[in-house]
Amino acid sequence: MKSLSALSLLTGLLAILLSSPLCAAEAPVSSAFTLRGLTPEAVPQNVMPIRRVLPLEEIARGTPGTGNLTLTGLFNTASFDFEVRGDEIMTAAAVELTYVPSPALLAVRSQLNVYLNGYLQQTLPVTEEQLGKESRARVILNPLLLQDENELTIEFIGHYQEVCEDLSNTTLWLTLDRQSALTVTLQPLRLANELSLFPVPFLDPGVAQHSHLPLVLGESPDYATVTAAAIFASDMGRLASWRGVSFDTYLDTLPAEEHFVIFATNEKRPPILKDLPPFEGPSLILTQAPYSSFAKMLIIAGRDSQELIGAVRSLTASGAMLSGESALFVSREVLEPRRPYDAPRWVDTSRVTTFEELTSYDGQLTSRGYQPAPVTLALRLPPDLFMLDRSNVLMNLKYRYTRPDPHALSQLRFLINDTLVESYTLDPESDSSQFVERLPLIGNLLDLSATTAQIPAIALQRTNTLSFDFRYGITYDGGNPEQCRTTRLLPQQVEIDPASTLDFTDFYHFARLPDLALFIQSGFPFTRLADLSETYVQLPPDATQGQLSTLFNLMGRMGAITGLAATSVTVGDGTDREALSDKDLLIIGDTTGDFSALADEESLQAAMDEEKRSLMLPADPEGRRTLINARREGRQRATVINSGNLALMLGFQSPYAKERSVVAILNDGREGSGLLNARLGDPYALYEVTGAVAIFRESGIRGYDVGESYYTGNLPWYVRLWYFLQTRPFLLVLSTLLSALLIGSALYAGFRILASRRLGR
């Protein structure tokens, strides 16, 4: 096997032959072929329905995973979203409710209403026996109302007295227990062999659940084949986004009863494709999977492994143009090189960003209700954005709202990552407003008709959530049972103008490495170029299935982070030293490998075998690193002898280039790979990884900050000086005192000279 250069990868983009220059033609091979070893008796004829339990806390709209949910007089509804995959049909559904009503409620008049897609399914009156006690109810949902995307709504109607009720009264509540769940029955479908459905059924972006996709390669695949599979995995990660996707690798074997993807060439193909005619170019074939009555297999093929890469690149570029059972890619187009930090899911710091660019679905900037739910936006910044020297991030916010009650205080509360930044009074004489925010360290509110207000930039992280929470004050007229005056509440509506902007231009890019938190959360420094054109993956020639799965799960994670397929990544054995001189290096191997040529003892902190593991640990057992304590001093050796499963993640400076990085992911066998792969496919996992060395064990993950620091990016000399002094407080104090002494001495000398002249001396 031989490694590929970045240039050969960049020139391999192929696309589909339709009516445009980038078009697709029907492949000369048919998907109706005889698969060796497949007999009619081997295919199951009856597919059993699948029963799936969805806890309500996991599918709650806006607040998933928050445990018990409390409904009140003002916040009296809870909505839950559940979808069905494109290769399944939902035949039945029922919701099991566990709830506790307030003991102050009026029996029977208080009730729970259950709706499915806007249609009332059942009313559950609150009886006298249920007040203040745990109650259970099962509501069977009408199967004729079930769709691909469904909304379950639970409405609480509570009363605590006959007249003069206050909906904000604290006795009006009902708690839905976290044990409540939705049970659905699904029937797998046998879809047509139609590429226009892609990525369904292999991955369904419309379903908010984690996906699993097996990848099948021939025995001992070469690096070009592995590269093609890695690019495909990154594209699936892009499509899965926050939902996550994980990959299992099969070498010359097939998964059972599951959709999967095969990578094959004329020379190397799994035995199941032995009788397939030779491929005549970069091809796709969608057909029925063997040994299954509903699963599909996608064959990505080429005459050689280079054409295999071309087929995957064409698929990532023009998948929406596919149709039919098979396609032969015959056109070629070379895309322009990517710019640094231009990942589609990152804020573009080269220009002003509008709020519309931050939205992920229609209606995200609008909210309705008696107390509208907060409007939230995700803000992902380039991971090495340097904000210590300046914090003047300009936010020009425009918003509209229904006019509040003039006798009650109403506010817009602005939060970053659930931290209150500032609150603004809603003017009852207007229905819209605008203000301009700057992001220095201390903030206060100025008049909206003025120009600026201050909010803390220190709250900004690599991944942020901006929340705009409109809170309406409500007043109620008093009264008595004989003469009661009531107030009818009207639903409010608030909107954030999509033309509102954020300005991150003119910021520097600078980071101190190694920092595995940057790698896990943002893929940095590899994702600096979103197509990974400056990334080299070193893989053993005899890579195991677990190591290949680690590579594919990593590529899927990076695709989800950037929103772009890693079409220019290079995979090889690391012997081409010239190729490593201008690339960041990602090593995937085992803990017994010899990496002495890549790092000195200080950089690579771990060396172990099956029975003895030794790690150079920092003196601080917590492995903390702060801005003040930049120098990591004091080390001790700890030796552990055991036989448990272990995996390591290490970061250090590349020995081939000053500003290049190495991240090594090592395991001690199949079980060690499992520790990594079980987490890599989940975008929200591994956030506890920190420092320069992370140890994965059955009991959890532990990070240590060891080795020497190095820096990437560029800062002006005066900013670098300020940063240098910030990390060394004693030098900062000393410099301040020295500066004061020099300035004082200069002033003293100047005044002495001036006094001498006045005295005529």
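Select I300 in this predicted model and display what surrounds it: leaving aside residues up to four places away in sequence, I300 touches F232, V261, I262, F263, A264, S283, L284, L308, A311, V312 and L315.

Widen the selection next to the nonpolar core, the largest in the model, which holds 67 residues and in which F232, I300, F552 and M649 are those with the most contacts. Colour helix α3, residues 223-240, because you can then follow the largest share of this core, the twelve residues that this helix supplies. Apart from this core lies another one, made of 36 residues, including L56, L116, L152 and I154.

Turn now to the aromatic rings, of which a search of the whole structure finds ten pairs. Select F232 together with F263: the ring centres are 5.8 Å apart and the planes stand at 75 degrees, and since angles over 60 degrees count as edge-to-face, the pair is given that description. F232 belongs to helix α3 and F263 to strand β15, residues 260-265, so the pair ties together parts that lie 31 residues apart in sequence. Both of these phenylalanines, F232 and F263, are buried. For another stop among the rings, select F355, F414 and F468, which form one aromatic cluster.

Finish on the surface, where I743, L747, F751 and L754 make a nonpolar patch of about 420 Å². Within this group, L747 is found in helix α10, which spans residues 729-758. Is L747 buried or exposed? Its relative accessibility is 49%, so L747 counts as partly exposed, given that exposed requires over 50%.

Conventions
Residues are numbered from 1 along each chain as its sequence is written. This is a predicted model: local features need pLDDT of at least 70, side-chain atom pairs count only at pLDDT 80 or more; totals for chains, interfaces and linings use all residues. Side-chain values use heavy atoms; hydrogens and water are left out. A nonpolar core is a set of buried Ala, Val, Leu, Ile, Met, Phe, Trp, Tyr and Cys residues joined through side-chain atoms within 4.5 Å. Buried means under 20% relative accessible area, exposed over 50%, partly exposed in between (1.4 Å probe, protein chains only). Helices (H or I, at least four residues) and strands (E, at least two) are DSSP runs, numbered from the N terminus. Contact means heavy atoms within 4.5 Å. Patches are made of residues with over 30% relative accessible area and no salt bridge: like charges are joined within 9 Å, nonpolar side chains (Val, Leu, Ile, Met, Phe, Trp, Tyr) within 5 Å. Accessible areas come from the Shrake-Rupley method with a 1.4 Å probe; for residues, only the protein chains shown count as cover. A salt bridge is a side-chain nitrogen of Lys or Arg within 4 Å of a carboxyl oxygen of Asp or Glu. Rings of Phe, Tyr and Trp (its six-membered ring) pair if their centres lie within 6.5 Å; planes under 30 degrees apart count as stacked, over 60 as edge-to-face and the rest as tilted.
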